[in-house]
Amino acid sequence: MKWNMYYLITIIFLFGSAVAGAEESLQYHDFTDTLGSKWEFPYEDDTPWNKYENYARKDEKIFGKTIARQLTMIDHHYIVYSSSENDYHPKIIKPAIYKSLNILKSHYKDLIRDEVITPRKAEQEFQTYLIKGYVCYSEETGEIEEILQEADSVEEIKIVFDQIKLVKPIHLNTKKHEN
């Protein structure tokens with residue numbers, strides 16, 4: 001646990017140093033994968049969220065249809081209801097990841113509301129985190145969850161997700177080239 005905290009502090013320091021030279025008037029810092037990849041997970045399906053027709057319309061008004069479907073997909077994966085007659089309470093699978101995705105959702109919603117970024121830009125950035133969250137559901141993510149539990153800010157959450165690399169299996173890449 002001590003090493004995880006040391007690791008998180010080191011990441012925060014590195015991120016702070018990189019951002020320190022940025023223009024002070026900017027409230028939003030656009031960065032992508034500045035620290036490299038620490039975890040690699042296979043990702044096969046380009047649009048697994050298209051099967052979700054019953055999505056939250058309030059999310060669609062803010063983010064658009066694609067993000068609304070992705071948020072519904074995340075909820076369907078991470079929130080499980082018991083089949084027991086005596087237990088009607090939902091259980092959240094991998095709560096640190098689910099909570100982090102909801103923090104990012106609130107963050108992007110605030111950025112759109114305050115007109116810091118456009119809904120299209122928010123969709124592009126947020127979608128990356130939602131897809132990584134979707135993939136994390138079926139992977140061994142104990143270390144990621146521990147780090148996310150200790151994350152104190154949106155930027156720290158982004159740093160953790162930015163270190164996840166999604167890799168398409170080779171057989172999927174060759175099929176596209178054959179066509």
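**Exercise 1. Work out how α5 passes α7, and what touches what.**

Start with the handedness: α5 passes α7 in a left-handed crossing, that is, the near helix is turned anticlockwise from the far one by less than a right angle. The residues that make the contact (heavy atoms within 4.5 Å) are E125, Y129, K132 and G133 on α5, and K158, F161 and D162 on α7. Sort them by type and you get two nonpolar, one polar and four charged. Here Ala, Val, Leu, Ile, Met, Phe, Trp, Tyr, Cys and Pro count as nonpolar, Asp, Glu, Lys and Arg as charged, and the others, Gly among them, as polar.

Now the geometry: α5 covers residues 119–136, α7 covers residues 154–162, and they pack at about 60° with axes 10 Å apart. Axes are lines fitted to C-alpha atoms, for helices over the stretch in contact, and angles run from 0 to 180 degrees between N-to-C directions. So α5 and α7 are oblique to each other; angles under 35 degrees count as roughly parallel, over 145 as roughly antiparallel, 65 to 115 as roughly perpendicular and the rest as oblique.

A word on what you're looking at: this is a predicted model, where local features need pLDDT of at least 70, side-chain atom pairs count only at pLDDT 80 or more, and totals for chains, interfaces and linings use all residues. Residues are numbered from 1 along each chain as its sequence is written, and side-chain values use heavy atoms, with hydrogens and water left out.

**Exercise 2. Do the same for α4 and α7.**

Helix α4 (residues 95–113) and α7 have axes that come within 10 Å and cross at roughly 120°. That pair is therefore oblique too, and its crossing is left-handed. From α4 come I97, S100, L101, I103, L104, H107 and Y108; α7 brings V154, I157, K158 and F161. This contact splits into eight nonpolar, two polar and one charged.

**Exercise 3. Find out how covered α7 is.**

Count the buried residues (under 20% relative accessible area, with a 1.4 Å probe and protein chains only): nine of nine in α7. Among them are E155, I159 and V160. Across the protein's 179 residues, 40% count as buried.

**Exercise 4. Follow strand β1.**

Take residues 39–42: W39 and F41 point to one face and are buried, while E40 and P42 point to the other and are not. Next, look sideways: four bridges join β1 to β4 (residues 164–167), and the two run parallel. P42 stands opposite V167 in β4.

Helices (H or I, at least four residues) and strands (E, at least two) are DSSP runs, numbered from the N terminus.

How values were computed
Buried < 20%, exposed > 50% of the residue type's maximum accessible area, 1.4 Å probe, protein only. Pairing = 2+ DSSP bridges.
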